[in-house]
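Here's a short set of exercises to work through with the model open in your viewer. Try each task before you read its solution.

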Amino acid sequence: MRVVIAEDGILIREGIAGLLRRFGHEVVAAVGTADELVAAVHAAPPDLVVTDVRMPPGFTDEGLQAAIALRATFANLPVLVLSQYVEQTYAAELLDSGRNGYVGYLLKDRIGDVAEFVDAVDRVAAGHTVVDPEVVMQLLGRRRDPLQRLTPRERDVLALMAEGRSNAAVARTLVVSEAAVSKHINSLLAKLDLPPDEDDHRRVRAVLAYLRG
């Protein structure tokens, strides 16, 4: 696929570019500012944008805001946002822009796990919602009630759901049947007062919206 990378740190930027090229992707632009990101996407809309949250000149949320603005212009533009630290507000803002999926929020540490990072790239490009497990765990930690009603297995399933995993992927990860996963999902959604939904994106957003609240 064709990818635009926005990262002000040249070593990280070149590292991501080299990694993506290794897996057959074309890096059409690798830039260091949010303005350059916007210009690059408008010049030749890519199949995926990978961007840092904090970029020049203010090093606050320029990359994130550029990504959200681009998604408003280019419908369903896949965007994978990288962050040095867990920024729950930023994660929530990005996810709110991803009403049809095609969004991801990962910590930069994940780049070091090549298989995990490439998997996230592929899933976001395919239309899934991907949330860093650490973000999920912190969100879970903020809400103890009624999450206390969930069994340990249901909490495991909820965490994987929030990462955008399909029922089949959850089953493989937990080494259980898909029927068991469906049963756990129905149970935990009932406990969280969230109706079952066949739409994975809406289901993930609903769970994260509840956890953010």
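**Exercise 1. A residue after a helix**

Keep in mind that this is a predicted model. Is Val175 buried or exposed, and what is the sign of its phi?

*Solution.*
- Start with accessibility: Val175 has a relative accessible area of 72%, and the cut-off for exposed is over 50%, so Val175 is exposed.
- Next, find its place: Val175 sits in the loop between α8 and α9 (178–191).
- Now the backbone: phi of Val175 is near 55°, a positive value in a residue other than glycine.
- Why flag that? Because most residues other than glycine have a negative phi, and most peptide bonds are trans.
- For contrast, look back into α8, where Asn167, Ala169, Val170, Ala171 and Leu174 are buried.

**Exercise 2. Two more backbone spots**

Work out which peptide bond is cis, and where Asn76 lies.

*Solution.*
- Check omega: the peptide bond from Pro56 to Pro57 is cis, with omega near 5°.
- Place it: Pro57 belongs to the loop between β3 and α3.
- Go on to Asn76, found in the loop between α3 and β4 (79–83).
- Asn76 isn't a glycine, yet its phi is positive, at about 60°.
- With a relative accessible area of 32%, Asn76 is partly exposed.
- A glycine case for your notes: just after α7, Gly164 takes a positive phi of about 90°.

**Exercise 3. The annotated aspartate**

Which residues does Asp52 touch, leaving out those up to four places away in sequence?

*Solution.*
- First the record: an unreviewed UniProt entry lists Asp52 under "modified residue: 4-aspartylphosphate".
- Locate it: Asp52 is in strand β3 (residues 48–52).
- Judge its accessibility: the relative accessible area is 6%, so Asp52 is buried.
- Then list the contacts: Ala6, Glu7, Asp8, Gly63, Leu64, Leu82, Ser83 and Lys108.
- One of these, Ala6, stands opposite Val31 in β2.
- That fits the strand pairing: β1 (residues 2–6) and β2 (residues 26–31) pair in the parallel sense over 5 bridges.
- Add helix α1 (residues 10–22), and β1, α1 and β2 make a right-handed β-α-β unit.

**Exercise 4. Salt bridges across the chain**

How many salt bridges does a search of the whole structure find, and which parts of the chain does the pair of Asp132 and Arg110 tie together?

*Solution.*
- The count is 7 salt bridges.
- Take Lys108 with Asp52: their closest N and O atoms are 2.9 Å apart.
- This pair links distant parts of the chain, with Lys108 in the loop between β5 (103–107) and α5 (114–125) and Asp52 in strand β3, 56 residues apart.
- Lys108 and Asp52 are both buried.
- Next, the side chains of Asp132 and Arg110 meet in a salt bridge at 2.8 Å, N to O.
- Asp132 is in the loop between β6 (129–131) and α6 (133–142), and Arg110 is in the loop between β5 and α5, so the pair ties together parts that are 22 residues apart in sequence.
- Asp132 counts as buried at 0% relative accessibility, while Arg110 counts as partly exposed at 21%.
- A further pair is Arg165 with Asp119, where the closest N and O atoms are 3.4 Å apart.
- Arg165 lies in the loop between α7 (152–162) and α8 (167–174) and Asp119 in helix α5, so here the parts tied together are 46 residues apart in sequence.
- Arg165 is partly exposed at 22% relative accessible area, and Asp119 is partly exposed at 28%.
- Finally, trace shared partners: salt bridges join Glu7, Asp52 and Lys108 into one network.

**Exercise 5. Nonpolar cores**

Find which residues have the most contacts inside the largest nonpolar core, and which helix gives the most to it.

*Solution.*
- The largest nonpolar core has 33 residues, and Leu37, Val41 and Tyr105 have the most contacts inside it.
- Helix α3 (residues 62–73) gives the most to this core, with 5 residues.
- Apart from that core lies another, of 18 residues, including Ile16, Leu19, Leu82 and Ala120.
- As background, in soluble globular proteins nonpolar side chains tend to be buried together.
- Leu82 also ties back to Exercise 3, as one of the residues that Asp52 touches.

Technical notes:
Residues numbered from 1 in each chain as written. Predicted model: local features only at pLDDT ≥ 70, side-chain atom pairs only at ≥ 80, totals over all residues. Heavy atoms only, no water. UniProt positions renumbered as here; feature names shortened; annotations may be inferred. Helix = DSSP H or I, 4+ residues; strand = E, 2+ residues; numbered from the N terminus. Buried < 20%, exposed > 50% of the residue type's maximum accessible area, 1.4 Å probe, protein only. Contact = heavy atoms within 4.5 Å. Pairing = 2+ DSSP bridges. Right-handed = clockwise from strand over helix to strand, strands pointing away. Salt bridge = Lys/Arg side-chain N within 4 Å of Asp/Glu carboxyl O. Core = buried A, V, L, I, M, F, W, Y, C linked by side-chain atoms within 4.5 Å.
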